[in-house]
Structures are given as structure tokens and as C-alpha cells.
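Please look at the aromatic rings and the nonpolar packing. A short round of questions and answers follows.

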Amino acid sequence: METQDVHIRKLEDDEPLPINLLLLADPSEQIVKSYTKRGETYVALCGDPQEPVGVYVLLPTRPETVELVNVAAAEDRQGKGIGRQLVMHAIETAKRSGYHTIEIGTGNSSVGQLALYQKCGFTITGVDRDFFVRHYPEPITENGIRCRDMIRLSMDL
């Protein structure tokens, strides 16, 4: 599948959340539902009929600042450029919405995501030590690494 077959749009208020996709990037349904209520959810659609293959959420955090809090591609579509397309769409959406800064956080064990965000122009600004230990009751392991710290990145728009 080529990424140009993907169409990204804002999820309407009356549409169901693509919770299965959102949980790929964040294992806590309670936390996901909390920030999707406060932010704007965008969905990547592909095929005929249009099926959700990706998702991201933009969450306003401070004046002129928005955070990209969840980026996920369907498991069978990963590694095909959808994640990059979602991140770039989020950056452009934030710019058009008048934000001056976009931020994102990812786990210390999320090596692929950390590389993607830097390739898209984000720079590391800090580390929230033990974030995932404090906020998630079950240990998270990715790539054989215990996810403990949130790596914070940002970009000036």
C-alpha cells in the first residue's frame, strides 16, 4: 500500500473513537478517553470502504502550544509511511491553527518512534523520569527495554 492512498481528516464528534488504534500507542483506555475528550482526534482512512488505518490526537496544553499525544498506525500497516504522514499532517494542522510550538512525548523504549519524530524535525527538550512507572499500573516493555521515562520533544512552528 502506498501512503498516497491515505486520507487524513478530523474525527467528527458523533463518530466513534478508533479505540483499537489509539490503544496501540497508549495502553490505558482511561487515559486515552481523558485526552481525546480534551483534544482533537484525526483519523487516517484508506480503501473502499474507507477504513481507519491511523490516528493522532492534538491536545492544547498552554497558550500557543499543542501536544501531539497519540500517533498510531494499524499493526498491519506499520512500516509503510503512515506514521510519518500522520506526524507531518499534525505539524501542518498545528501551524494552520496558529500554534507556535508543537510538543510530543514518547517512551524511552520507543526507539522507532523516537527516530521518526527526530526525522520529522522534533528535537529532544527533556526527560520526565519514571513517568510511565507513576502513571501506568502495569509495566510496559518495548524492544526488550522497560519503558520508564518519557522523552519530551518539541518543534517551533
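Both Y42 and Y56 are buried, that is, under 20% relative accessible area with a 1.4 Å probe, protein chains only. The model is predicted: local features need pLDDT of at least 70, side-chain atom pairs count only at pLDDT 80 or more, and totals for chains, interfaces and linings use all residues. Residues are numbered from 1 along each chain as its sequence is written, and side-chain values use heavy atoms, without hydrogens and water.

Q: How many aromatic pairs does a search of the whole structure find?
A: Rings of Phe, Tyr and Trp (its six-membered ring) pair if their centres lie within 6.5 Å. Searching the whole structure on that basis gives four.

Q: Is the pair of Y42 and Y56 stacked or edge-to-face?
A: Planes under 30 degrees apart count as stacked, over 60 as edge-to-face and the rest as tilted. The ring centres of Y42 and Y56 are 4.8 Å apart. Their planes lie at 10°, so the pair is stacked.

Q: Which class does the pair of F131 and F132 belong to?
A: Both F131 and F132 are buried. Their ring centres are 5.0 Å apart. The planes are at 80°, so the pair is edge-to-face.

Q: Which element gives the most to the largest nonpolar core?
A: Such a core is a set of buried Ala, Val, Leu, Ile, Met, Phe, Trp, Tyr and Cys residues joined through side-chain atoms within 4.5 Å. The largest has 27 residues. Six of its residues come from the top contributor, a helix (a DSSP run of H or I, at least four residues, numbered from the N terminus): α3.

Definitions and conventions. Buried < 20%, exposed > 50% of the residue type's maximum accessible area, 1.4 Å probe, protein only. Helix = DSSP H or I, 4+ residues; strand = E, 2+ residues; numbered from the N terminus.
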